[in-house]
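Please open the model in your viewer and keep the selection panel handy. We will go from stop to stop, selecting a few residues each time and looking at what surrounds them.

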Amino acid sequence: MNCVPRKLTLDEWDARYADLQREGLREPSYGGPLRRHVSQDRDLRLRQLRFDSSAASLRLWNFLLTENERLAQARAQGDKIVGAMKDLGTVPVMAYSLPGVRAFYPDGAWWTPCLMECSDGLLQQAETFGIDASFCPVRAMLAAFQNGEHFPRPDLLICSTGAICDDFSAIAQRLENTGFPILWWEMPRRREPEPREPACVLPGNLSAPQVQVECVREELARLCKVLGDLAGQPLDSDALAAGIRQANRVRRLLAALRQAVYGAPGVPLPALEMLIVEMLAIHFCSDREETIRVLTELLAEVHERLRRGQSILSEEAIRVFWVNPVADLRAMNLLEDWGGRIAGSDYMFTHALDLIPEDLPPLEALARTALADPMVGSALDRARRIVADCRACRAEAVVVSRIPGASHCAHEGAIVRRLVREELELPSIELEIPPICDAMLPTLSSRVQGLLETARANRQRANR
Ligand code: SF4
């Protein structure tokens, strides 16, 4: 079933799918041709994307694009649905520790305008609730809750507050005002411990005052009680420890994939599929066990390509570290078209990639991991980690992609770029990617290609 790996358009995938079927492709219940996601007038953006040609990637895409249907099926079977908001990776670990409970991020609706090429009207509908384009695209979530067409109404909505951006805080409060009760939990802004103040080590080479870890631990204990009540059985330490071990299975698979793909001389899996892969970390695309199977198959495909010496791109592609997720998924294809490749990433949820400590009491371990969220600490903390990761992945250039309207930190890009320049002398750019970036292609193209040319010249100088 192995063919020379390449990127295929949706049209080319029709023929590839027919070939795979002839060869005896076996698919899970949500399988099928990619085309069907478009023909139902849903994910029109797929017509503009190019996809990896493997059966493992087809499974990944089908898994991603059927999430809402699978959630609806789970609801019909009697499962409880939890909408987790903002923490990106903490509440789902708890929810999936209980049988019959699934968690998803309504925040993910921010990609709906991209996937549906704005035919959904979500961004315009959000404006009727007073949330206009001065807010980031996560405002699509507000309209998706109102029209009920994109995900089932959750049985329980949980949202972190405190150290969160103004956009999300305003949108979530507006949501609650329109009839969607929210269970809020406090996430303090992470700070450096004072001299001689008791402190805790966090994942990601961070530290925080012990009092902050205790605060988060108590908040998570409160959530455990509510989740246990929802499930009809307590979420005790043993159940949570088992849930953490399963979450770490996902995180280990992700680490192996990132290492294999980003570390290889060639490119065994495209940037677009790797972005989707990383997103599975935050809530397992509503099915933790299937996530493990999807990732296992992808890792096997990557290992097989490496064994055969196969690559999607030339080994000359410039190694780029990418900061922040893109509102338009097409940007990942474009980077590769223009001569770059992803060598490392910080898509705003690095704490969901780090292993959760298994040698601590489970709530303590989860509290420390939650506090390692790059978005609850200073931009300088985030920049330091980016520098360390750039060094580790031998990045040659850095792209900070801004999110339109995002308020999380107006100066974050400048701080990241300054540290990258001072510590690593790497070229970098900051650019904005809207939900549909087609109209900006000339600008994006010249800016990204200018960056890649600079990095190429640096490489040639270093090799002389
Ligand atoms: S402002 Fe930034 S952190 Fe806040 S929701 Fe938008 S992208 Fe996320």
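On this tour, a contact means heavy atoms within 4.5 Å. Keep in mind too that this is a predicted model.

**Stop 1: a serine in a strand**

Select S160, which lies in strand β5, residues 156-162. Which residues does S160 touch, not counting residues up to four places away in sequence? Show M85, K86 and D87, then add W184, W185 and M187, and you have them on screen. Is S160 buried or exposed? Its relative accessibility is 3%, so S160 counts as buried, the cut-off for buried being under 20% relative accessible area.

**Stop 2: a leucine with a positive phi**

Now move to L88, in the loop between β3 (80-85) and α5 (91-95). Check the backbone here: L88 has a positive phi of about 50°, although L88 is not a glycine. With a relative accessibility of 15%, L88 counts as buried.

**Stop 3: helix α12 and the phenylalanine after it**

Next, select helix α12, residues 271-283. How many of the residues of α12 are buried? The count is 13 of its 13 residues, and α12 is mostly covered.

Step just past the end of α12 and you arrive at F284, where phi is positive, at about 60°. Like the leucine of the previous stop, this residue is not a glycine. F284 sits in the loop between α12 and α13 (288-308). The side chain is worth displaying along with its surroundings: F284 has a relative accessible area of 3%, and is therefore buried.

**Stop 4: α11 against α12**

Keep α12 selected and add helix α11, residues 237-263. Two packed helices are described by the angle between their axes and the distance between the axes. For α11 and α12 the angle is about 160°, and the axes are 10 Å apart. Because of that angle, α11 is roughly antiparallel to α12. The crossing of α11 past α12 is left-handed.

To see the contact itself, show these side chains:

- from α11: L254, L257, R258, V261 and Y262
- from α12: M274, V277, E278 and A281

Sorted by class, this contact of α11 with α12 has 7 nonpolar residues, no polar ones and 2 charged.

**Stop 5: α14 against α12**

Hide α11 and bring in helix α14, residues 330-337. Here α12 and α14 pack at an angle of about 140°, and their axes are 8 Å apart. How are α12 and α14 oriented, and why? They are oblique to each other, because their angle falls short of the cut-off for roughly antiparallel, which is over 145 degrees. From α12, select A271, L272 and L275; from α14, select M332, N333 and E336. Together these residues divide into 4 nonpolar, 1 polar and 1 charged.

**Stop 6: helix α16 and its cover**

For the last stop, select helix α16, residues 379-392. Its 14 residues reach 20 Å from the first C-alpha to the last, close to the 20 Å expected at 1.5 Å a residue. Colour its buried residues: A379, D381, R382, A383, I386, V387 and C390. What covers these buried residues? The cover includes the strands β8 (206-209), β9 (318-323), β10 (340-346) and β11 (397-402), along with helix α17 (412-424). Finally, look just after α16, where R394 takes a positive phi of about 55°.

How values were computed. Residues are numbered from 1 along each chain as its sequence is written. This is a predicted model: local features need pLDDT of at least 70, side-chain atom pairs count only at pLDDT 80 or more; totals for chains, interfaces and linings use all residues. Side-chain values use heavy atoms; hydrogens and water are left out. Axes are lines fitted to C-alpha atoms, for helices over the stretch in contact, and angles run from 0 to 180 degrees between N-to-C directions. Helices (H or I, at least four residues) and strands (E, at least two) are DSSP runs, numbered from the N terminus. Angles under 35 degrees count as roughly parallel, over 145 as roughly antiparallel, 65 to 115 as roughly perpendicular and the rest as oblique. A crossing is left-handed if the near helix is turned anticlockwise from the far one by less than a right angle, and right-handed if clockwise. Ala, Val, Leu, Ile, Met, Phe, Trp, Tyr, Cys and Pro count as nonpolar, Asp, Glu, Lys and Arg as charged, and the others, Gly among them, as polar. The expected span of a helix is 1.5 Å times one less than its number of residues. Buried means under 20% relative accessible area, exposed over 50%, partly exposed in between (1.4 Å probe, protein chains only).
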